[in-house]
Amino acid sequence: MLGAWALALAACSAGPESERSAIEASILGTPGQEELWRTIMEEYPEDFAALVKEIETLDEKQRSDEAAIEAIGARWVQAFFERVAPDAVRSPPRQLLAWSKAEHALYTSLQSAAKQQCARLTMGEWITIDPDNQEATAAIARRNAAMVRAASAGRQMPSQYASPDEEDLQQFGNAIAATGLAPPLQAALGSTEQMEALPPPQQCAIGVAVYEALTALPDEDEPVMAAYMLAPE
């Protein structure tokens, strides 16, 4: 998602402060990712500054290398989200519910615009989105921004959620069934082996149903299941 920086960064040849400002502007202006980068800059200014500094150390040739910029960005983003994820699932209910709803919107968008990526996401894999797929790109940016806000809130005001009990799990199972997910796919839930044997459209359907069911729970019940389902493995 960062390849678009390359041309702008290659043109940076002013003094250090002007160069830093140009790099920041290039990052913040990444097409389709504006909300995400603005949120990271606001909620995690030190991390954002570290990324800018890393880009500053590149020479002109490296800055014009789209693949190199893409690799730096992908590595930084993955490491950042892996680090903040534990805080995100400890966020207060309001931010946790906002993240949960953004997750549901992402799966729904991917089901129509990028079914293969929807399946991979359901199976817990990192995904990349074609920048030309504006619908999916926008949905993943909104989800990621919601997760960053949740992580920041969880870092400042951590909430502790109990593990779901039998009643919680039964309520969630009923909500999944209410989505209309086929019984054989409901039965596959909870079994990695069975899930992996399914074709991508069915894997995607499960992911969509799970997050549709999650957001259908009453607001007073959803945080417990959301913290459980969204917790990093």
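**Figure 1. Buried residues of helix α14 pack against α7, α10 (166–178) and α13 (200–216).** The model shown here and in the other views is predicted. Helix α14 covers residues 222–230. Its buried residues are Glu222, Pro223, Met225, Ala226, Ala227 and Leu230. In an α-helix, residues three or four places apart point the same way, because there are 3.6 residues a turn.

**Figure 2. Gln95 in helix α7.** Helix α7, which runs over residues 93–113, contains Gln95. The relative accessibility of Gln95 is 14%, so Gln95 counts as buried, the cut-off being under 20%. Leaving aside residues up to four places away in sequence, Gln95 touches Arg149, Ala150 and Ala153. Helix α7 also appears in Figure 1, as one of the helices that the buried residues of α14 pack against.

**Figure 3. The crossing of helices α3 and α6.** Two packed helices are described by the angle between their axes and the distance between the axes. Here the pair consists of α3 (residues 34–43) and α6 (residues 66–88). Their axes come within 14 Å and cross at roughly 55°. The two helices are therefore oblique to each other, since that angle falls in none of the ranges for roughly parallel (under 35 degrees), roughly perpendicular (65 to 115) or roughly antiparallel (over 145). The crossing of α3 and α6 is left-handed.

**Figure 4. Side chains at the contact of α3 with α6.** From α3, the residues taking part are Leu36, Trp37 and Ile40. They meet Trp76, Val77, Phe80 and Phe81 of α6. By class, the residues of this contact are seven nonpolar, no polar and no charged.

**Figure 5. The whole chain, for orientation of the close-up views.** The chain has 14 helices and zero strands. In sequence order the pattern is α-α-α-α-α-α-α-α-α-α-α-α-α-α. For 233 residues the globule rule gives 17 Å, and the radius of gyration of the chain is close to this at 19 Å, so the chain is as compact as a globular protein of that length. The C-alpha trace spans about 60 × 40 × 25 Å along its principal axes. Of the 233 residues in the chain, 45% are buried; Gln95 in Figure 2 is one of the residues that count as buried. Among contacts in the chain with a separation of 6 or more, 70% are between residues 24 or more positions apart.

Definitions and conventions
Residues are numbered from 1 along each chain as its sequence is written. This is a predicted model: local features need pLDDT of at least 70, side-chain atom pairs count only at pLDDT 80 or more; totals for chains, interfaces and linings use all residues. Side-chain values use heavy atoms; hydrogens and water are left out. Axes are lines fitted to C-alpha atoms, for helices over the stretch in contact, and angles run from 0 to 180 degrees between N-to-C directions. Helices (H or I, at least four residues) and strands (E, at least two) are DSSP runs, numbered from the N terminus. A crossing is left-handed if the near helix is turned anticlockwise from the far one by less than a right angle, and right-handed if clockwise. Contact means heavy atoms within 4.5 Å. Ala, Val, Leu, Ile, Met, Phe, Trp, Tyr, Cys and Pro count as nonpolar, Asp, Glu, Lys and Arg as charged, and the others, Gly among them, as polar. Buried means under 20% relative accessible area, exposed over 50%, partly exposed in between (1.4 Å probe, protein chains only). The radius of gyration is taken over C-alpha atoms; the globule rule is 2.2 Å times the number of residues to the power 0.38.
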